[in-house]
Amino acid sequence: EIAAFKKRERRAAQINHLLRLKLHRILAHQEPYHLRREIKLLQSNVQALRMRTNATNAALCASEGREKRLKVAEGKLKEQLRTQQQYASRLATDVEYLRGLVAHCMQQMGA
């Protein structure tokens with residue numbers, strides 16, 4: 001009975017060894033497929049990252065263009081403000097002159 005048990009144990013160990021060898025061979029054959037799949041996945045990730053980078057760069061260029069246009073518009077608005085302020089100052093001077101003139105004329109008429 002012990003001899004039969006040892007024989008079964010040796011046979012099980014032999015089968016286990018053969019199964020391990022077969023498993024290693026199967027895994028060795030599947031590894032390149034797995035690596036190719038990983039490489040394709042990585043390549044698609046890199047491509048997606050490039051597309052996002054290009055989109056980000058385009059958005060950045062567009063915002064820089066808007067920023068430049070806004071600076072130009074701000075400069076124009078500041079110049080218009082200065083012009084309007086000068087005009088308002090001249091109008092205020094003219095109004096004061098006219099008030100003085102009206103007051104003088106009223107004095108002349110009243111005298």
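**Exercise 1.** Is C105 buried, partly exposed or exposed?

*Solution.* The model is a predicted one, in which local features need pLDDT of at least 70 and side-chain atom pairs count only at pLDDT 80 or more, while totals for chains, interfaces and linings use all residues. Residues are numbered from 1 along each chain as its sequence is written, and side-chain values use heavy atoms, with hydrogens and water left out. Buried stands for under 20% relative accessible area, exposed for over 50%, and partly exposed for what lies in between (1.4 Å probe, protein chains only). C105 has a relative accessibility of 36% and therefore counts as partly exposed. C61, with a relative accessible area of 52%, is exposed.

**Exercise 2.** State how many disulfides the whole structure holds.

*Solution.* A disulfide is taken as a pair of cysteine sulfur atoms within 2.5 Å. The search of the whole structure finds 0 of them.

**Exercise 3.** Describe the salt bridges, beginning with E79 and R82.

*Solution.* The criterion is a side-chain nitrogen of Lys or Arg within 4 Å of a carboxyl oxygen of Asp or Glu, and the whole structure yields 4 salt bridges. In one of them, the closest N and O atoms of E79 and R82 are 2.7 Å apart. These two residues are 3 residues apart in helix α1, so about one helical turn separates them; helices here are DSSP runs (H or I, at least four residues), numbered from the N terminus. E74 and K78 also form a salt bridge, at 3.7 Å from N to O, and they stand 4 residues apart in helix α1, again about one helical turn.
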